[in-house]
Amino acid sequence: GENEWFAILLILPFIGTSLGLLRHNWFPAKVFVGDTFCYFAGMTFAVIGIHSHFSKTLLMLFIPQIFNFLYSIPQLFKMMPCPRHRLPRIDPKSNLMVHSTFP
């Protein structure tokens, strides 16, 4: 029906950009995906799921995010160290860079 055509028309540009990214990101990678493509992919799936009324499919795509949140709770509430890979610090004793954690 109409919902399926809507989903197809929205997913085709996504497939095209994903294939282009795959071509340039094959070994050796020339492109770093980063957050931009992840946001674009998530937004595409959310819009298609919501506007096409594919609630079961949308829920299925959301389940890994729920597991990720549950797995991250100890780090979010500082019950265990959470290394921040982008912010290394210098250890004054060894004068080497080490990963930083919360204080």
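**Exercise 1. Which residues does Ser52 touch, not counting residues up to four places away in sequence?**

*Solution.* Keep in mind throughout that this is a predicted model.

Step 1: place the residue. Ser52 sits in the loop that links α2 (34-51) to α3 (55-76).

Step 2: list the partners. With residues up to four places away in sequence set aside, Ser52 touches Asn3, Phe6, Ala7 and Val47.

Step 3: look for a polar contact. A polar atom of the Ser52 side chain lies 3.3 Å from the backbone oxygen of Asn3.

Step 4: judge the burial. The relative accessible area of Ser52 is 1%; buried means under 20%, so Ser52 is buried.

**Exercise 2. Work out how helices α1 and α2 are arranged, and what kinds of residues make their contact.**

*Solution.* Let's begin with the general idea: a pair of packed helices is described by the angle between their axes and the distance between the axes.

Step 1: read off the geometry. The axes of α1 (residues 2-25) and α2 come within 9 Å and cross at roughly 165°.

Step 2: classify the angle. Angles over 145 degrees count as roughly antiparallel, and α1 and α2 are therefore roughly antiparallel to each other.

Step 3: add the handedness. The crossing of these two helices, α1 and α2, is left-handed.

Step 4: name the contact residues. From α1 come Asn3, Phe6, Ala7, Leu10, Ile11, Phe14, Thr17, Ser18 and Leu21, while α2 supplies Phe37, Phe40, Ala41, Thr44, Phe45, Val47, Ile48 and His51.

Step 5: sort them by type. The residues of the contact of α1 with α2 comprise 12 nonpolar, five polar and no charged.

**Exercise 3. Is Gly42 buried, partly exposed or exposed?**

*Solution.* Step 1: find the residue. Gly42 belongs to helix α2.

Step 2: compare its accessibility with the cut-offs. Partly exposed covers values between 20% and 50%, so Gly42, at 38% relative accessibility, counts as partly exposed.

Step 3: relate sequence to space. Gly42 and Phe62 are 20 residues apart in sequence, and their C-alpha atoms are 9.7 Å apart in space.

**Exercise 4. Describe the surroundings of Ser72 and Met79, and decide whether each is buried or exposed.**

*Solution.* Step 1: take Ser72, in helix α3. Its relative accessibility is 17%, so Ser72 counts as buried.

Step 2: check the Ser72 side chain, which reaches the backbone oxygen of Asn68 at 2.8 Å.

Step 3: turn to Met79, in the loop between α3 and β1 (84-91). Its relative accessible area is 61%, so Met79 is exposed.

Step 4: list the contacts of Met79. Leaving aside neighbours within four places in sequence, Met79 is in contact with Ile73 and Pro74.

Technical notes:
Residues are numbered from 1 along each chain as its sequence is written. This is a predicted model: local features need pLDDT of at least 70, side-chain atom pairs count only at pLDDT 80 or more; totals for chains, interfaces and linings use all residues. Side-chain values use heavy atoms; hydrogens and water are left out. Helices (H or I, at least four residues) and strands (E, at least two) are DSSP runs, numbered from the N terminus. Buried means under 20% relative accessible area, exposed over 50%, partly exposed in between (1.4 Å probe, protein chains only). A polar contact is a pair of N or O atoms within 3.5 Å; within protein, one must be able to donate a hydrogen and the other to accept it, and residues adjacent in sequence count only if both atoms are side-chain atoms. Contact means heavy atoms within 4.5 Å. Axes are lines fitted to C-alpha atoms, for helices over the stretch in contact, and angles run from 0 to 180 degrees between N-to-C directions. Angles under 35 degrees count as roughly parallel, over 145 as roughly antiparallel, 65 to 115 as roughly perpendicular and the rest as oblique. A crossing is left-handed if the near helix is turned anticlockwise from the far one by less than a right angle, and right-handed if clockwise. Ala, Val, Leu, Ile, Met, Phe, Trp, Tyr, Cys and Pro count as nonpolar, Asp, Glu, Lys and Arg as charged, and the others, Gly among them, as polar.
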